[in-house]
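Welcome! Below are some short exercises, each followed by a worked solution. Have a look at the structure, then try each task before reading on.

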Amino acid sequence: MAGIKRKPDHEIPIVDENDLLKLTCLGAGNEVGRSSLLLEYKGKSILLDAGIHPAYTGLASLPFFDEIDPGNVDVLLVSHFHLDHAGSVPYFMERTSFKGRVFMTHPTKAIYKWMLSDYIRVSNIGAEDQIYNEDDLTNSFHRIEAVDYHQQVEVEGIKFTSYNAGHVLGAAMFLIEIAGVKVLYTGDYSREEDRHLMAAEKPEGVQIDVLVTESTYGVQSHEPRLAKELRFTSLIRDIVTRGGRCLMPVFALGRAQELLLILDEYWEAHPELDSIPIYYASSLAKKCMAVYQTYINMMNARIRKQFAISNPFIFKHISNLKNVEQFEDSGPCVMMASPGMLQNGLSRELFERWAPDKRNGLVIAGYCVEGTPARLAMNNPPEIQAMDGRMIPLRMSVDYISFSAHVDFTQNSQFIAEVNAPHVVLVHGEANAMLRLKVALQQKFADSEENTKVYTPRNCETLSLHFRGEKMAKTIGSLAAKYPTENQAISGILVAKDFQLNVMSPDDLNEYGGGLLTTVLTQRQSVPFRATFSLLQWHLEMMFGDIHESELNKGGDSTEQIGTVIRILDTVDIKKLDDKPNQITLEWVGNAMNDMVADSVLAVILGIDSSPASVKVTHSPHSHSHGHAKITELEGEDEDMGQTHDELDDHHEQEFASVTTFLKKHFGDIDVNEKEKQVMIKMDGMEASVDCLSYSVKSDHELLQNRVSNVLQKVRRTINPISTVAG
Amino acid sequence: MKVAKQADALLISHADVQHLGAYPYARTHLGLSCPVFATIPVVNMGRMCMYDLHQAKVNEQEFDVFTLEDVDSAFDKITPLRYSQPTALQGKCKGITITAYSAAHTIGGTVWKIKKDTDEILYAVDYNHSRERHLGNSVLNVGTSQGLESLGRPTLMITDANNADVALPKRKSRDTALFNTLAETLRNAGSVLLPTDSSTRVLELALMLDQHWAKNQFTYPLILLTHTSYHTAHFAKVMLEWMGEDMTRTFSQTRENPFDFKYLRLCHRVEDLEKYPGPKVVLASNQSLETGFGRDLFLRWMRQNQTETDAVNTLILTDRAAPGTLAAHLYNEWYSRNSADDAAAAAGADRPEVRSPIEYETQIHTVIHQRVPLEGEELEEYETRKRNQAEREAQQAAIMARSRVIMEEDESDASDADEPDDVNLEDLLTTQFDLYVRDAGKSGGFFKQTHSYRMFPYVERRKKFDDYGEAIMVDHYKQASDIEQIEEAMNAGTGAKFGGEDVDMDLAEPILPARDETPTKYISFEDSITVKCMLQYIDFEGLTDGRSIRNILAKIAPRKLIIVHGTPQATEYLSNALKNVAQFTNDVYTPDVGEVLNVSAATNIYRVRLTDALVTALRFSKLDDYDLARVSGRIHFSTDMTPTLDLPSSQDQIPFEPPVLVGDVRLREFRKVLQAEGITAEFKGELLLVCNDHVVVRKMGTGQLLLEGLLSPDYYKIRSLLYAQHAIV
């Protein structure tokens with residue numbers, strides 16, 4: 001079982017690259033620290049967490065952001081405020097091409113700022129090596145959007161909901177849904193309710209496809225909470241009653257608050273300890289206490305109930321230590337100091353100071369990363385190396401009581417079984433622990449004959465899972481009036497938005513399209529036309545067969561239009577208005593099909609002038625009489641036309657007359673050449689010749705040419721106007 | 001009343017009397033038993049609101065409409081929700097999903113979206129389009145993808161017309177007007193009464209005044225007087241995530257909770273006011289002036305010759321109150337007096353100015369309810385009865401107290417809370433002494449013990465503790481070995497911070513100041529009082545105004561609209577105004593109370609699976625975020641009885657369907673497209689675009705475009721550009 005291939009060969013050939021759900025660990029793959037996981041599916045891309053590695057400094061502590069193009073990342077979700085999950089958020093937001101949106105819960109956001117500004121301050125590396133500065137942090141802070149547990153957020157087709165993860169205040173698990181595929185990212189989580197936090201909840205009523213879970217504790221098991229607390233309090237009691245100082249290195253925020261609650265309660269119950277001070281030396285924690293006092297609604301029912309009486313985060317027995325100078329090291333005390341793994345700072349200083357006295361005690365309450373002094377001290381070496389290189393004897397007692405709110409094997413495997421996702425991806429665990437967990441899980445799944453696959457991707461290794469993502473659509477509206485029967489034909493429009501598919505009939509688009517509007521594009525084209533209408537009719541009949549003619553009479557309308565309409569193929573209307581003898585108008589509803597019909601109609605119309613058939617038809621006796629009637633109409637204006645055939649010329653003549661009238665008015669003296677339909681304009685010694693049919697000007701003088709052509713354009717518009725009045 | 005039993009679910013939008021005042025009664029007496037949903041602040045603040053109302057009533061008359069226990073049990077049954085948390089209903093309502101969205105106006109105020117398949121109902125009654133000090137604006141007025149996208153075009157929208165014909169002065173001028181009136185009155189040695197509610201709008205006022213006081217370093221006392229004032233602030237502090245961004249931002253930057261009032265004093269009793277002599281500003285519940293401290297103070301302060309001084313006190317109404325109440329009466333008086341002056345000015349102005357206060361002097365005939373202490377024989381009789389009872393209780397209490405394990409911190413606190421303060425019964429004092437003795441030797445009990453002294457702190461509380469609790473603790477631990485010190489501190493007792501504040505609450509004993517056990521009786525009499533005061537109305541209702549209502553409705557564009565909660569005039573006004581909104585639905589209903597409307601819009605729907613072959617054969621055209629494709633196929637039923645749509649077989653004749661243009665082109669944007677192509681385009685009127693002088697694009701209404709022009713190459717070019725703006729399927 002251990003040898004499961006990540007990409008089995010027998011997998012169905014992948015047709016579409018988009019169907020691949022890709023997971024890439026940029027950090028926390030086979031390691032603890034710098035959590036960052038890239039999730040890509042269907043062209044959407046989500047980054048989960050952006051932490052730093054506590055064991056490295058500078059750029060080396062970042063996740064492998066250069067493996068990806070941050071500009072493509074749509075959303076960054078941050079599960080909680082610990083540095084190994086949120087530490088590189090300002091870097092990612094401000095120093096890369098990332099433009100997407102960032103979400104975290106309210107308390108995470110509130111603490112994030114203080115946490116990281118503290119980090120900037122303590123990380124004692126040169127300014128040029130600093131991965132981001134205070135400004136970056138402030139800028140990033142304002143761009144972060146805060147969400148609440150259970151609040152469903154949708155960003156361009158990516159749906160996500162945060163769930164309570166236990167662990168620390170504001171810690172969230174994210175359930176992400178893209179195109180129906182659901183991924184649950186646990187972040188760091190705890191399944192055990194403690195003094196102030198709820199246990200992580202399992203999203204109800206959803207089938208999760210991919211579970212990305214932490215594996216910090218691998219196959220270890222925690223001892224029961226009560227036993228552990230008892231051991232803890234009695235241990236501390238032992239240390240202080242034997243006159244020793246008790247050092248507890250802790251993360252400034254998170255577990256520390258739980259320990260404070262335990263100690264405060266214990267001291268309250270044991271008045272005899274009252275003379276022994278408990279110090280909490282962290283200015284960061286002090287800053288963030290207000291956050292703990294505020295976001296009570298994100299904690300468990302017990303705290304909320306207590307809150308109704310008094311705020312439990314107003315401690316009675318804990319004093320804050322502003323700096324070491326203030327601290328009088330005289331006699332027994334309990335000291336909680338950060339950092340949590342004794343890397344540097346106050347906890348390290350006190351550790352070195354107190355290590356040689358065997359009355360003193362070191363209580364390690366959280367998870368310690370490999371290689372940190374706290375981890376080394378857990379092996380009880382005879383001496384330890386101080387920060388200045390001296391070797392110091394280690395005589396103080398060293399105890400390890402895990403209060404770290406991560407799931408242990410029992411809880412994790414139970415949660416994995418409950419979620420019952422076909423793919424389980426392990427992150428956030430040291431290689432050994434992770435491998436053991438993987439084997440244990442596979443064993444378990446093999447026993448229960450579940451077809452669950454467990455993956456442990458390394459950093460920068462892309463895990464591709466294939467989801468065909470069954471396409472379900474909703475049929476709505478009139479299409480769905482009746483439930484379908486076998487082999488029924490369905491035809492409609494598929495509307496896809498944010499991976500939601502709806503099938504509807506085109507008529508329902510406005511109603512159910514969710515904001516879509518259908519548009520009817522009516523087209524109206526004016527075509528110069530000078531032949532008789534009957535001729536046009538004849539030609540159209542020849543070409544299209546059935547045409548339908550009706551009188552247009554929009555009586556009562558202010559813009560009274562009287563004329564004739566021919567409807568062709570029930571698509572295109574040809575209008576000839578009595579008051580516009582030289583023009584016909586084509587009108588149709590625009591779409592590919594109708595445009596084609598309109599174009600062919602137009603071709604026929606334009607061809608009439610030159611068609612020999614026209615000549616033939618207009619010479620037939622019948623047509624002649626008809627045509628003649630037309631001529632008589634026109635005779636009032638122009639009288640020297642005897643032949644219907646020359647009717648076109650007649651119109652040209654008319655137009656020419658109009659144009660020359662205009663030009664005369666405008667330029668005064670002009671030479672009119674009737675035959676060529678040309679006009680010569682002479683002004684101030686410049687000459688221009690105008691072709692009145694093509695409305696073109698020729699002149700040696702640019703100035704005049706421009707002026708005349710301007711006039712001509714206006715004339716042209718006047719003679720063949722388009723309608724710009726409403727209606 | 002019948003409705004209570006029939007209802008399948010109850011959604012509560014705001015934590016004020018208007019929205020949930022009848023809830024405990026309905027739960028207890030009308031047989032309301034369905035699931036109830038509300039946001040967390042509505043649950044918390046609603047409870048405060050009902051406590052305050054109950055307490056106010058009890059202080060005046062026999063009150064048995066609901067008891068505090070009713071309130072508790074009713075509010076415990078509410079399912080608390082968060083914003084944007086889709087919640088599927090169970091049982092009979094299966095298939096319905098409800099989601100709460102921010103409505104502003106009150107903390108946790110909710111606009112509800114009720115969704116079943118494709119039908120969406122949007123319930124938005126009382127919302128605020130603009131931001132305030134403590135709240136952001138309603139999701140209805142947020143342009144983000146989060147907001148309207150999920151709320152736009154609901155099948156049915158239910159909204160209010162309350163403010164439809166109201167134009168509000170700018171917030172700034174309202175603020176200034178309030179501050180000016182306050183300053184004026186205080187300078188003239190008068191006091192100011194601001195009647196307010198006890199749980200919601202009071203937060204805005206309190207915050208505003210506290211900040212103003214802090215800014216100007218006023219020394220005049222600023223007091224919040226409600227039965228639940230402390231807890232209102234207490235809860236407000238922990239609900240910052242429900243407030244506006246400004247709040248959370250200041251909080252995370254300064255780490256100072258804005259509801260840790262620096263100047264505002266919280267009082268529970270009228271008597272507390274005596275500690276603050278001289279002119280002062282008091283926020284008192286309830287805004288109707290019908291009950292509670294508000295009325296109490298009104299009757300005391302606004303009377304002619306009410307005080308030793310000649311100072312005229314000022315009453316500032318911030319709320320129009322429900323019709324029929326005293327406050328509403330006063331508002332009308334103020335309005336009619338004032339409107340005569342500037343009716344003309346107001347009519348023209350878009351943003352009217354705040355009108356100045358008026359001198360108000362009138363006779364008001366009203367019934368006064370009071371609870372007065374017993375005297376003489378009545379008192380003696382009562383005391384004998386009480387003493388016997390108390391002795392029994394004291395014995396029991398003593399036994400209980402002794403048997404208590406010290407670990408049970410909470411419980412012993414509770415027992416303290418049960419004890420009324422300043423009781424005049426020796427028996428109860430013995431009980432107290434009993435506990436006192438028990439704790440005396442234990443330094444650990446120090447903090448707890450101080451709780452017994454229910455003295456309200458009037459020292460500068462902020463100085464008294466740091467982020468870890470009381471500052472006094474540091475001293476305490478340094479000197480903890482010194483028992484004398486402790487005893488001293490114990491005797492000083494009252495100096496410890498919080499004192500009674502924290503103790504008042506327990507789940508069994510409601511969050512209230514301990515009941516005053518002074519024997520009392522209720523009296524009520526009619527009286528005619530002469531009111532003499534300055535009267536002003538400044539709108540701090542935190543509701544949207546008429547113009548925004550219209551804008552928001554036009555943006556949301558519901559398919560059907562029901563208008564409720566408004567005067568007939570306002571309702572009429574709104575429905576007429578909406579007729580002028582382009583493309584707004586004609587289905588606008590304005591039902592009367594009790595009228596039953598049928599607004600069903602049965603949408604047909606079924607789910608169908610698409611086969612891969614079908615999907616790959618589709619040709620999508622893109623429009624904004626949408627992908628559209630024409631699909632045609634045949635339905636087959638698979639084994640699990642889900643209809644599956646597959647490609648039609650090759651013999652099938654696919655009937656021709658005329659292509660459809662989808663999209664709504666804005667001429668303004670189209671103009672840019674044309675210009676990019678080198679075509680001149682200019683507007684002749686709103687909906688008319690003339691291109692290169694001989695082609696016209698005209699908008700004839702929604703989804704109606706007309707392209708008109710001379711036969712020319714430009715025509716075809718413009719046409720193809722126009723087509724490109726649409727998805728054609």
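Buried means under 20% relative accessible area, exposed means over 50%, and partly exposed is in between. Please keep in mind that this is a predicted model.

**Exercise 1. Find out what chain A is made of: how many helices and strands does the chain have, and what share of its residues is buried?**

Solution.
- Step 1: Start with the secondary structure. Chain A has 19 helices and 34 strands.
- Step 2: Turn to burial. Of the 727 residues in chain A, 57% are buried.
- Step 3: Look at the surface. About 30200 Å² of chain A is exposed, and 49% of that comes from carbon and sulfur atoms.
- Step 4: Consider contacts between residues at least 6 apart in sequence. In chain A, 67% of these join residues at least 24 apart.

**Exercise 2. Work out whether A:Arg245 is buried or exposed, and which residue it pairs with in a salt bridge.**

Solution.
- Step 1: Take the relative accessible area of A:Arg245, which is 12%.
- Step 2: Compare it with the cut-off. Buried means under 20%, so A:Arg245, at 12%, is buried.
- Step 3: Find the partner. A:Asp329 forms a salt bridge with A:Arg245, and their closest N and O atoms are 2.5 Å apart.
- Step 4: Place both residues. A:Asp329 sits in the loop between strand 14 (318-320) and strand 15 (333-337) of chain A, while A:Arg245 is in strand 12 (residues 245-249), so the pair links distant parts of the chain, 84 residues apart.
- Step 5: Check the partner's accessibility. A:Asp329 has a relative accessible area of 26% and is therefore partly exposed.

**Exercise 3. Trace the salt bridge between A:Glu265 and A:Arg195, and say which network these residues belong to.**

Solution.
- Step 1: Begin with the distance. The closest N and O atoms of A:Glu265 and A:Arg195 are 2.8 Å apart.
- Step 2: Locate the two ends. A:Glu265 is in helix 6 (residues 255-269) of chain A and A:Arg195 is in the loop between strand 10 and strand 11, with these positions 70 residues apart in the chain.
- Step 3: Classify each end. A:Glu265 is partly exposed at 31% relative accessibility, whereas A:Arg195 is buried at 10%.
- Step 4: Follow the shared partners. Salt bridges join A:Arg195, A:Arg225, A:Glu229, A:Glu265 and A:Arg302 into one network.

**Exercise 4. Explain why the salt bridge between A:Arg191 and A:Glu418 ties together separate parts of the chain.**

Solution.
- Step 1: Note the pair. The closest N and O atoms of A:Arg191 and A:Glu418 lie 3.2 Å apart.
- Step 2: Compare positions. A:Arg191 lies in the loop between strand 10 (181-185) and strand 11 (210-214) of chain A, and A:Glu418 lies in helix 11 (residues 409-419), so the salt bridge ties together parts that are 227 residues apart in sequence.
- Step 3: Check accessibility. A:Arg191 is partly exposed at 23%, and A:Glu418 is partly exposed at 34%.
- Step 4: See the wider count. The whole structure has 45 salt bridges over all chains.

**Exercise 5. Identify the residues of the negative surface patch that includes A:Glu549.**

Solution.
- Step 1: List the members. The patch is formed by A:Glu541, A:Asp546, A:Glu549, A:Glu551, A:Asp578 and A:Asp579.
- Step 2: Place one of them. A:Glu549 is in strand 27 (residues 547-553) of chain A.
- Step 3: Check its accessibility. With a relative accessible area of 38%, A:Glu549 is partly exposed.

**Exercise 6. Examine the backbone of B:Asn286 and B:Leu289: where do these residues lie, and what is special about their angles?**

Solution.
- Step 1: Find the loop. B:Asn286 lies between strand 12 (281-285) and helix 11 (292-301) of chain B, and B:Leu289 is also found in the loop between strand 12 and helix 11.
- Step 2: Inspect the peptide bond. From B:Ser285 to B:Asn286 the bond is cis, with omega near 10 degrees.
- Step 3: Inspect phi. B:Leu289 has a positive phi near 60 degrees and is a residue other than glycine.
- Step 4: Add accessibility. B:Leu289 is buried, at 0% relative accessible area.

How values were computed
Residues numbered from 1 in each chain as written. Chains lettered and ligands numbered in written order. Predicted model: local features only at pLDDT ≥ 70, side-chain atom pairs only at ≥ 80, totals over all residues. Heavy atoms only, no water. Patch = residues over 30% accessible without salt bridge, like charges linked within 9 Å, V, L, I, M, F, W, Y side chains within 5 Å. Areas by Shrake-Rupley, 256 points an atom, 1.4 Å probe, with all protein chains shown as cover. Salt bridge = Lys/Arg side-chain N within 4 Å of Asp/Glu carboxyl O. Lys, Arg positive; Asp, Glu negative; His and termini not counted. Charge placed at Lys NZ, Arg CZ, Asp CG, Glu CD. Helix = DSSP H or I, 4+ residues; strand = E, 2+ residues; numbered from the N terminus. Buried < 20%, exposed > 50% of the residue type's maximum accessible area, 1.4 Å probe, protein only. Contact = heavy atoms within 4.5 Å.
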